[in-house]
2 protein chains.
Amino acid sequence: MTQINQKIASHDGQERCGDCPIRYRAVCAHCEADELALLEGMKFYRSFEPGQPIVWEGERMDFVGSVVTGVATLTQMLDDGRTQMVGLLLPSDFLGRPNRDIAAYNAVATTRVVLCCFRRKPFEALMCTTPQVAHRLLEMTLDELDAAREWMLLLGRKTAREKIASFLAIIARREAALHKRDPGGRMRIDLPLTREAMADYLGLTLETVSRQISALKRDGVIELVGKRAVIFPDFARLVGESGNDADGGYPR
Amino acid sequence: MTQINQKIASHDGQERCGDCPIRYRAVCAHCEADELALLEGMKFYRSFEPGQPIVWEGERMDFVGSVVTGVATLTQMLDDGRTQMVGLLLPSDFLGRPNRDIAAYNAVATTRVVLCCFRRKPFEALMCTTPQVAHRLLEMTLDELDAAREWMLLLGRKTAREKIASFLAIIARREAALHKRDPGGRMRIDLPLTREAMADYLGLTLETVSRQISALKRDGVIELVGKRAVIFPDFARLVGESGNDADGGYPR
DNA sequence: GGATTGCCTTGACCCAGATCAACCAGAAAA
DNA sequence: TTTTCTGGTTGATCTGGGTCAAGGCAATCC
C-alpha cells in the first residue's frame with residue numbers, strides 16, 4: 001500500500017502531468033507507461049454551454065469523466081419541484097459512478113464546461129486491471145463523502161448568514177487551491193452560481209440569499225463588484241462568520 | 001471486472017457466509033481461501049455499552065470495522081454545541097476510513113454495539129493485495145455518498161413532518177432488509193434513537209420531533225407501543241407522507 | 001431608441017418550527 | 001414508600017426565514 005500511496009501522492013494537489021486533470025487528480029496512471037497509453041487512447045472531450053444539462057436523472061450514462069474547466073452542479077428534486085443541490089463540480093472533480101449506468105442526479109453546466117470523458121466499459125475494465133485507479137477513486141469518493149457530511153452540518157444547523165459565509169469561504173478556498181495560493185488576507189472571487197442556484201445549494205430561498213449577501217456587505221465582511229464578483233477585505237473575518245473553526249474543516 | 005463483480009454479487013444483500021458481516025457486505029474474501037484465512041486471523045471483536053463513545057473526533061483510530069449488532073451514530077458539532085448527526089451505523093455498516101488514522105467524527109454507541117474490527121495497517125495492506133476488497137469498499141462508499149445526498153435533500157428541503165416520516169421509512173426498510181422481508185402493509189419497528197438523537201439526525205429540535213410523532217399518531221399514520229415501538233398500519237401511507245416517490249430513492 | 005428578458009434587490013407580512021417552561025411516566029435508587 | 005433521574009409530551013410565545021409583490025439594472029433584440 002505505502003509504495004502505491006507514495007506513487008500517487010506525488011501527483012496529488014499540485015503536480016499535474018498533462019493537460020488532462022484525470023492524470024493527476026482523478027485517476028493517475030502516470031507511473032505505468034502501458035496504462036498511460038491506454039488512458040490516452042480512451043479519453044475524449046465534451047463541452048457544454050451555460051445552462052445546458054449534462055445528464056438527466058434516470059437517463060442512461062455511458063461515460064464517466066472529470067471536469068477540466070467550468071462549473072457543473074448535481075441536483076435532486078422532490079415531486080412538487082422543491083430542489084436541493086447535492087454536489088458542486090469544480091475543475092478536477094469526478095462525474096459519474098462506476099458500475100452504474102443510470103444517472104442518479106441531474107447534472108447541469110452552470111458555466112461553459114469541458115469534461116474529459118472515458119467510456120464506461122473500458123474505464124471499468126481499467127479499474128480492475130490497475131489497482132491505482134480503484135484506489136484513487138476510493139480516496140476521491142471518501143473525500144466527497146466528507147464534504148457531503150460537512151454540508152449536512154451546514155444544511156441542518158447553520159443560520160442563513162453562516163450558510164452564505166460558509167459557501168463563500170468554500171469557493172474562495174477552492175479558487176485559491178486552483179491557483180496554488182493560500183487563502184487569506186484580502187482576496188477576490190467570482191461567483192459561479194446565480195442567487196437561485198446558491199439558494200438551492202444552501203437550502204434557502206433566493207430572496208434570503210440576496211438579503212444575507214446585502215447584510216454581509218453592509219457589515220463590511222464583503223465588498224461587491226457588480227453582482228458576481230466578491231472581495232473579502234479580510235478572509236479571516238469571513239471564516240469567523242461561517243460558524244466553522246479556523247481551518248474550515250473542509251478536507252478538499 | 002465482470003467476473004469479480006459476479007463473484008462479489010453472489011454474496012450481496014442476502015447471503016451471509018459466516019458470523020462476521022464483513023464477510024458478505026463490507027469486504028468479502030469468500031472466494032479466495034488464502035484471503036479468507038488472512039481475514040480470519042486479523043479480525044477481533046469490540047463491544048460498547050449504550051451511550052459509550054467509540055471514538056472521538058480528532059482521536060487516533062488504529063482500526064476499521066463493521067457493525068455486527070446494535071446501532072451507532074456519527075455526529076459533528078459546531079463550537080457553540082449545535083449538533084448534526086451525519087451517519088447512522090446499522091448492522092453491516094462500515095466504520096473508519098482507510099489511509100486516515102484521525103477520526104473525523106464522533107462515533108457513539110446508542111444501543112449495545114458489537115464491532116468486528118481489523119487493525120488499520122494489515123487491513124490497508126490487504127486492500128492493496130486483494131482488489132476485491134478495494135472494489136467492495138468503493139461500492140460501499142459510493143452507496144454511503146448516495147445516502148448522504150438523499151439526506152441533504154431531506155435536511156435542505158423537507159418539512160418536519162416529512163422528515164419524521166422519511167426517517168421512520170428508512171429504519172423500517174433497513175429493518176425489513178435485515179430480516180429478509182419486503183417492507184409493506186402492516187409492520188412494526190423499534191426506534192433505535194431517543195427523540196433528541198432523532199432531532200440531531202433530522203436537523204430539528206426534540207420538541208418538534210415529539211410533536212410531529214404525536215401528529216402522525218393522531219392522523220392514524222402510525223401507532224405507538226410505549227415510547228420506542230412504532231406500528232405502521234399501512235406502510236405505503238407512511239411513504240406517501242415522506243415526500244419521496246414510492247421506491248423511496250434510498251439505494252441501500 | 002424603446003421593449004423585452006434575465007437576474008437581482010427590497011419591502012411587507014406570515015408561519016413553521018424554535019424557545020422557554022411546565023409537567024408526566026417509568027425505572028432505578030434510597 | 002418515597003425520591004430522583006431520564007426521557008418524553010404539551011402549551012405559550014417568539015422569530016428567522018419563507019412568501020408574495022413591486023421595482024431596479026444591464027444586456028440583448030427588434
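Mentor: Let's start with chain A of this predicted model. Of its 252 residues, 43% count as buried.

Trainee: Good to know! How many helices and strands does chain A have?

Mentor: Chain A has eight helices and eleven strands. Looking at contacts in chain A with a separation of 6 or more, 71% are between residues 24 or more positions apart.

Trainee: Now the two protein chains. How are two copies of a chain related in general?

Mentor: Two copies of a chain are related by a rotation about an axis and a shift along it. Here, a turn of 180° with a shift of 0.0 Å along the axis lays chain A on chain B, with an RMSD of 0.1 Å. That is the relation of a two-fold axis.

Trainee: And how is the size of an interface often given?

Mentor: Often as the accessible area lost when the parts come together. For this pair we can count residues instead: chain A brings 36 residues to the contact and chain B brings 36 residues. On the side of chain A that touches chain B, α1 (2–9), β5 (83–89), α3 (120–129) and α4 (131–157) each supply at least two residues.

Trainee: Which element gives the largest share of that side of chain A?

Mentor: That is α4(A), with 18 residues. By class, the side of chain A that touches chain B has 19 nonpolar, eight polar and nine charged residues.

Trainee: Why can we say that the copies meet through the same surface?

Mentor: Because 97% of the interface residues of chain A are also interface residues in chain B.

Trainee: Let's move to the DNA. Which residues are closest to DNA strand C?

Mentor: Of the 16 residues that surround DNA strand C, the closest are A:T194, A:S210, A:S214, B:A160 and B:T208. Both chains take part: α6 (195–202) and α7 (206–218) of chain A, and α7 (206–218) of chain B, each supply at least two residues of this surface. The most comes from α7(A), with six residues.

Trainee: How do the residues near DNA strand C divide by class?

Mentor: Into four nonpolar, six polar and six charged.

Trainee: Which residues come nearest to DNA strand D?

Mentor: Among the 16 residues around DNA strand D, those are A:T159, A:T208, B:T194, B:S210 and B:S214. For this surface, α7 of chain A and both α6 (195–202) and α7 of chain B each supply at least two residues. Here α7(B) gives the most, with six residues. The surface near DNA strand D has four nonpolar, six polar and six charged residues.

Technical notes. Residues numbered from 1 in each chain as written. Chains lettered and ligands numbered in written order. Predicted model: local features only at pLDDT ≥ 70, side-chain atom pairs only at ≥ 80, totals over all residues. Near = placed C-beta within 6 Å. Helix = DSSP H or I, 4+ residues; strand = E, 2+ residues; numbered from the N terminus. Nonpolar A, V, L, I, M, F, W, Y, C, P; charged D, E, K, R; others polar. Buried ≥ 20, exposed ≤ 12 C-beta atoms within 10 Å, placed from the backbone. Contact = placed C-beta atoms within 7 Å. Least-squares fit on C-alpha atoms with pLDDT ≥ 70 in both.
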